[in-house]
Every structure is written in structure tokens, then in C-alpha cells.
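Visitor: Hello! Could you walk me through this protein, one piece at a time?

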Amino acid sequence: LTRERYPVQRLPFSVVSEEDLAAFERITPGRVVTDPEELEASNVDWLRTVRGCSKVLLKPRTTEEVSHILRYCHERNLAVNPQGGNTGMVGGSVPVFDEIILSTALMNQVISFHGVSGILVCQAGCILEELSRYVEERDFIMPLDLGAKGSCHIGGNVATNAGGLRFLRYGSLHGTVLGLEVVLADGTVLNCLTSLRKDNTGYDLKQLFIGSEGTLGVITAVSILCPPKPRAVNVAFLGCPGFAEVLQTFSTCKGMLGEILSAFEFMDAECMQLVGHHLGLISPVQESPFYVLIETSGSRAGHDAEKLSSFLEHVLDFGLVTDGTLATDQRRVKMLWALRERITEALSRDGCVYKYDISLPVERLYDLVSDLRARLGPKAKHVVGYGHLGDGNLHLNVTAEAFSASLLGALEPYVYEWTAGQRGSVSAEHGLGFKKKDVLSYSKPPAALQLMQQLKALLDPKGILNPYKTLPARA
Ligand code: FAD
Ligand code: MLT
Ligand code: ZN
């Protein structure tokens, strides 16, 4: 499947031998998985669009074990695929051929948490939702949240520089990650696991690994700054009559709720139909062409509720919003969030999904969706737009009953050219992985691409770390 759709040749890495398995058994005793059934789940991605044929998966518990594994693989010229929760959207998390899967599943220990600064230090395999629970018990929250929280690992989040639902308020992991411990391709441990807010001693090397998608090193531990848990959280779910009104609602919202605003998400009517049809979720508001989810996080419930109600009065009066509902208790807040967070799941049940994750000037965000809907006509089952509007990030998804080369041909390179025409990004938050590695040049100039290739060669001269991913193959 993978290689039919994405032609690629295996590079001349060694093939895992019996001696290699014996060596791995010495490094990670009892944690060398070779059972094909057990390997199946790690060979195929969350979207079930790419599949590798790895014969071995290793489950180290410590940084030292990761270092031994990589030193050994480097010497033997064996390719390695780092894997966290395997929730990635671009096929980066699974092998392309027979790469060894290095899973962080057992590296799930919290190392320290500082109750005054909110700095959490933990191993890379901690599951995001478990970390959230851990810091919330201590009156803090994680600076990031995403629909995959139940299975994604913090190391995977850092490796993909995941954006998600709190980006608008707490910013990128490039800002909230304070330190990293990384094992380089030859097994060298790079300990930059500091917990300092400020540190200008030379180049900030950790930044290289944030968003490097397992191609430059294996992240083994993370130091991350957690914000205090807000006392009051409100969610408003609103229906808007058009995209122009969505934009005006956003401007009004920034003006009236700016300092407490923590999320501004949008979805179109087709998304609502899909979560209704596939997941049985019921819209809490009247049917509308667009919906927005606004979250506020503040320190005084009464103050926030008052601000929110005058904002709602304003947007209703001006016809920017036609219907809406509010939630403050946790159960209803979760229910409203599910409508937005579970779109990905609904889409994956709708058939074959073509996924695009794009940054655009916010005023052009929906034009691409309308444009494609007209361009594709009955070729597509659904053409939908949703995403992190507050961050200028559109998730454009197209579904069809089955994969079709002609539909793909109608989508690409059209979508990428359209995006480049707006000086947008062809990957806002999901990364490039395996599926998007050849479109990097739509968003980056040749000199940047060349420097990336040079960095890769410097840090991983044999190219054993996540080969066939992120960067286009060299001519
Ligand atoms: P994996 O999928 O296992 O790996 C992802 C990449 O990182 C691979 O290239 C892998 O090789 C590499 N990698 C993993 N761990 C390490 C490590 N320790 N060291 C080095 N490299 C490593 N993304 C967003 O940005 N925003 C969202 O809102 C969002 N929502 C999502 C919702 C759903 C339902 C799903 C399924 C996915 C969503 N994603 C989102 C995609 C997102 O990239 C991932 O969910 C997450 O960041 C990946 O973490 P993971 O542990 O699953 O990594
Ligand atoms: C989201 O925002 O829901 C995620 O990035 C996943 C997706 O794009 O479907
Ligand atoms: Zn997203």
C-alpha cells in the first residue's frame, strides 16, 4: 500500500540478524518485541494510510538503554524509527521498510515537578493526558492540549512541535519547553535538560530537536513550563451565518475578551454533520453554516461570566452569531469540546481521508475550502474545513469512499500551490513525516532546505534516524 502510493526505494541499511536480536536482548532484556501480531499496531499509522514491515520493536526504560541501542545501530548501520503514541498525522511514526522501532512506551516516569515555578521534568514516553492529570492535582495545567491526549507522548509532541488547542494562549513548544535530553544517532547523550527560564549561553540547541520528527535525535526527557490552573473556565459554542461573521466574531472576541481568551476554534456545517452521523454527537445550537468554540480561562468566575455575556450580547445584536450556548461545569465543557476535538475521528470513519494542515492569512482561511468544493464537485464525498482559527491554522480534509489517483491529482499540487501563493505554510502543526516530505519547498526557500540537509548530515551522518522522513531524498 505505502510504496504503491508513495514510490520510495529502500536505502542500503543492514538487515536485523539473529546476532542483532541477541545484542538487543542484552541491552533491553525481555523488552525486544518480535511477535508479528504485537508488531502490527506499531507498523501502521493512526490514519491507517501507511504501513511498514518492521520485524523488531525495542522498549527501553532509560536514557542509557536508548544510548546503547543507538550506539549499536549506528555501528551496524541499522535504521531506527523513534515512536511515541503513534498518533502522528503524516506517516512519520511508522517504519517505511524494516526499520527498528524504538518505542518510548516504557519511558513514562515523572522526574520532578516544582510547585512554585510549575516546571515539570519527565521522561519522553509520558502520556499527555496523564501529565495533565498529574499537574492538575498540583494546581497547574499542561501548556498544550490536543485530541490525541489519551495516547500521544510528550516526546512525540515535542518531536512534532504539536500545536493544538491551547496554542493561542500559551504559544508554541519552542517557548514552553525549557530543556531537553536527547540521544544522538551515534549514541551520544546530549543533556540540555535545564529548567531555566533564561539561558543565553551559546546556541539554543534544544530548538533543533523541537519539530525535528525523530530525524536528528531521540528525545528521552523533557523540561516544560506549566501555567497555573485557571480558576474559571467558560466555553461558548456559537453558530455563525457566514465566514465573514466568523472573522468579525474573532476580532470582537479579541477586543472584548482578549486577556482571558484561551481558545478560538472553528468548524463548518459539514464537520457537524460528520460528528453527528459517525459519532452520534448532537449539535447544541441551531443548524448554521459555521460554528465557533470560544474558551476563556481566568481567575474570577464572576468577572469572566460578565465579560462573556456582554460579548455574546454584542455578537448577537450585530447578527454575527445567530445561536449559542454556554458551559461552565466540567461535564458540559467537555461535551462542547468533543464536538470540535472528535472531528478527526469522525472523518476517519467516513472513508479515505486526504488531510491538509495549512497556515494562511486568517481572512483567506476558508477560501481554499470553498474553492476546492467547487473544483472537486462529486469526485469528493466531503470537503470540510475546521481548525485553530485563532492561530491562522486551517485543517482542510477531503473524504472519498476509496483512494483514487484522480482525486489526488485534483488536490495536489493544487492545494500546495494555492497555499504557496498566499505565502502560507503547507504544514502548520503536523510536520512533514513521510507523506509530506516532498512538499517542503512550497514553504521554504532552497537555501533553507540546503541548510536542513547539512544539519541532518552533521547530526546523523549515516542517516539511520527515521530515514525517508521530513526531508526530500537527495538527488
Ligand atoms: P508519534 O506519532 O509516535 O510520532 C510522531 C513523530 O515524532 C514521528 O516522526 C516519530 O518518529 C517522532 N517521535 C516520536 N517520539 C519521539 C521521540 N521521543 N524522539 C524523537 N522523535 C520522536 N497535532 C497537533 O499539532 N495539533 C493537534 O491539535 C492535534 N490533534 C490530533 C488529534 C488526533 C485525534 C490525532 C490522532 C492526532 C492529532 N495531532 C495533532 C497529531 C500530532 O502530531 C500528534 O498527536 C502528537 O504530537 C504525536 O505524538 P505521538 O507521541 O503520538 O508521536
Ligand atoms: C485537530 O486540530 O483536530 C488535529 O490537528 C487533528 C486533525 O487535523 O484532524
Ligand atoms: Zn489541529
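**Helices, sheets and a salt bridge**

Visitor: Let's begin with handedness: is the crossing of H10 and H12 left-handed or right-handed?
Guide: Welcome! Please keep in mind that this is a predicted model. Find H10 and H12 and look at how they pass: their crossing is right-handed.

Visitor: Which residues of H12 make that contact?
Guide: Start from the H10 side, where Thr249, Thr252, Cys253, Met256 and Leu257 take part. With H12 included, the residues of this contact divide into six nonpolar, four polar and one charged. The H12 side is made by Lys307, Leu308, Ser310, Phe311, His314 and Val315.

Visitor: Are H10 and H12 roughly parallel or antiparallel?
Guide: H10 covers residues 243-257 and H12 covers residues 301-317, and their axes come within 10 Å. They cross at roughly 150 degrees. Angles over 145 degrees count as roughly antiparallel. The crossing angle therefore makes H10, relative to H12, roughly antiparallel.

Visitor: Now the sheets, please. Which strands stand at the edges of the four-stranded sheet?
Guide: This open sheet has the order E1-E2-E4-E3, and its pairing is mixed. An edge strand here pairs on one side only. The two that do so are E1 (32-33) and E3 (80-83).

Visitor: Which residue of E4 does Pro82 stand opposite?
Guide: As background, strands of a sheet pair through backbone hydrogen bonds, either parallel or antiparallel. E3 and E4 (residues 100-103) pair in the parallel sense, over four bridges. Opposite Pro82, in E4, stands Leu102.

Visitor: Which strands of that sheet does H4 touch?
Guide: H4 spans residues 63-76 and packs on the sheet. The direction of H4 makes about 165 degrees with that of E4. The strands touched by H4 are E2 (57-58), E3 and E4.

Visitor: And what angle does H4 make with E7?
Guide: H4 also lies across E7 (177-183), E8 and E9. Relative to E7, H4 runs at about 45 degrees.

Visitor: Does H2 run roughly parallel or antiparallel to H4?
Guide: The axes of these two helices come within 10 Å and cross at roughly 160 degrees. Since the cut-off for roughly antiparallel is over 145 degrees, the angle makes H2, with respect to H4, roughly antiparallel.

Visitor: How many charged residues are in the contact of H2 with H4?
Guide: H2 and H4 make a right-handed crossing. On the H2 side we have Glu19, Asp20, Ala23, Phe24 and Ile27, and these meet Glu65, His68, Ile69, Tyr72, Cys73 and Arg76 in H4. Sorted by class, the contact has six nonpolar residues and one polar, while the charged ones number four.

Visitor: What is the strand order of the five-stranded sheet?
Guide: In this open sheet the pairing is antiparallel. E5 and E8 (189-192) stand at the edges with a single partner strand each, so one side of each has no neighbour in the sheet. The twist from one strand to the next averages 10 degrees. Read across, the order is E5-E6-E9-E7-E8.

Visitor: Which residue in the turn between E5 and E6 has a positive phi?
Guide: E5 (residues 110-113) and E6 (residues 119-123) pair in the antiparallel sense over three bridges. Together they form a hairpin with five residues between them. The turn residue with a positive phi, about 80 degrees, is Gly118.

Visitor: What is the bridge partner of Val121 in E9?
Guide: Val121 belongs to E6, where Ser112 stands opposite it. E6 also pairs with E9 (residues 218-225) in the antiparallel sense over five bridges. In E9, the partner of Val121 is Ser223.

Visitor: How far apart in sequence are the parts tied together by Arg10 and Asp98?
Guide: The structure as a whole has 20 salt bridges. In one of them the side chains of Arg10 and Asp98 meet, at 3.1 Å from N to O. Arg10 lies in the loop between H1 (2-5) and H2 (18-27), and Asp98 in the loop between E3 and E4, so the pair ties together parts separated in sequence by 88 residues.

Key. Residues numbered from 1 in each chain as written. Chains lettered and ligands numbered in written order. Predicted model: local features only at pLDDT ≥ 70, side-chain atom pairs only at ≥ 80, totals over all residues. Heavy atoms only, no water. Axes fitted to C-alpha atoms, helices over the stretch in contact; angles between N-to-C directions. Parallel < 35°, antiparallel > 145°, perpendicular 65-115°, else oblique. Left-handed = near helix turned anticlockwise from the far one by under 90°. Contact = heavy atoms within 4.5 Å. Nonpolar A, V, L, I, M, F, W, Y, C, P; charged D, E, K, R; others polar. Pairing = 2+ DSSP bridges. Salt bridge = Lys/Arg side-chain N within 4 Å of Asp/Glu carboxyl O.
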